[in-house]
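Hi there,

Here is the structure I promised to pass on. Have a look at it first, and my notes follow below.

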Amino acid sequence: MSQGEKPQHEVRPVDTENPSVARMYDYYLGGRNNYEVDRAACAALSAQAPSTEILAQNNRRFLRRVVHVLAAEYGVRQFIDHGSGLPTQDNVHEVAQRVHPDARVIYIDNDPIVLAHGKALLKTDENTDVIRADMRDTEAIFEHPSVKRLIDPTQPTAALFVSVLHCIPDKDNPGKLVRDVARRLGAGNFMVICQLVSDDPHVRTWVTEFMRESTGGNWGRVREHYEVDRYFDEMEVLPPGELMDVSKWRPEDLAPKQPGDEWIEYGGVARILG
């Protein structure tokens, strides 16, 4: 790639031959927008990592909590949800708009099924849109007409990277993606980041290879805690003041406990510094 050339990432057509990360997540959350190939992949994954279903459910609970906290306690009315996945119960705009009815949300995904279902869900909501784009293409996203229409750069905004950075391979530099988005948002705005990590080298290797092969290469890597810590450089981590298993971030009383700790969703919430 020559200097100054924009990265080009393929926006995929519907693929029913290989599992989709978005559809697998939908299945773990009890949704119906998935195929047999996705359910088979989930069964194989859960056989190796039995905590996966509860991990996915607790991750979704974290997303709801963090959006509510940012809206209610920090006055955030604008959210950009990278790799948003298929709509389910209590989507970002629904949580945010219960606090601020005028809250604005941009959903970003490159799965065409996500786009179709998202557009159907949001067709009567002028303050929310879903755009089909590769979340790695920060410039294209921020220059998109819907983003320019809905996101006011003078108002508090939160970028969400919830359980998606493990889908980005090292060659595409997820840390740089986070830094690029932070620069576009500017100081005082917010980042929510979590991804799959494991202390077990076997789990990291097996899951990474399984998901890469299963999804036709649409996968990155299960990482280690210190790698996620680096995403938060030049940011102030918000209370409780440290990164953690997100099921423990301002937890709910009724959240189910994972049956094992072979892997977790690790991350937190931070304010971008100047």
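A cavity here is a set of grid points where a 1.4 Å probe fits but cannot get out. Please keep in mind that this is a predicted model. By that rule, the model has four cavities of 30 Å³ or more.

I spent some time on the second largest cavity, which holds about 60 Å³ of space. Its lining includes Tyr 25, Asp 26, Arg 60 and the run of Ser 84, Gly 85, Leu 86, Pro 87 and Thr 88. Helix H1 (residues 21–28) gives the most to this lining, with three residues. Sorted by type, the lining residues of the second largest cavity come out as five nonpolar, four polar and two charged.

Arg 60 turns up again beside an acidic residue. Asp 81 sits in strand S1 (residues 78–82). Asp 81 is buried but has no salt bridge, and the nearest side chain of opposite charge, Arg 60, is 5.9 Å away. Beyond its neighbours within four places in sequence, Asp 81 is in contact with Val 92, Ile 106, Tyr 107, Ile 108 and Leu 160.

Another acidic residue, Glu 94, belongs to helix H4 (residues 92–99). Glu 94 counts as partly exposed because its relative accessibility is 26%, and the partly exposed class runs between the under 20% and over 50% limits. Leaving out residues up to four places away in sequence, Glu 94 touches Thr 88 and Gln 89; Thr 88 is also one of the residues lining the second largest cavity. The C-alpha atoms of Glu 94 and His 68 are 9.8 Å apart, with the two residues 26 apart along the chain.

Enjoy exploring it!

Best wishes

Conventions. Residues are numbered from 1 along each chain as its sequence is written. This is a predicted model: local features need pLDDT of at least 70, side-chain atom pairs count only at pLDDT 80 or more; totals for chains, interfaces and linings use all residues. Side-chain values use heavy atoms; hydrogens and water are left out. On a 1 Å grid over the protein atoms alone, a cavity is a set of points where a 1.4 Å probe fits but cannot get out, and a pocket is an open set with protein on both sides within 12 Å along at least five of seven lines; lining residues have an atom within 4 Å of a point. Grid points are joined across faces, edges and corners, and a volume is the space filled by probe spheres set on the points. Helices (H or I, at least four residues) and strands (E, at least two) are DSSP runs, numbered from the N terminus. Ala, Val, Leu, Ile, Met, Phe, Trp, Tyr, Cys and Pro count as nonpolar, Asp, Glu, Lys and Arg as charged, and the others, Gly among them, as polar. Buried means under 20% relative accessible area, exposed over 50%, partly exposed in between (1.4 Å probe, protein chains only). Lys and Arg count as positive and Asp and Glu as negative; His and the chain ends are not counted. A salt bridge is a side-chain nitrogen of Lys or Arg within 4 Å of a carboxyl oxygen of Asp or Glu. Contact means heavy atoms within 4.5 Å.
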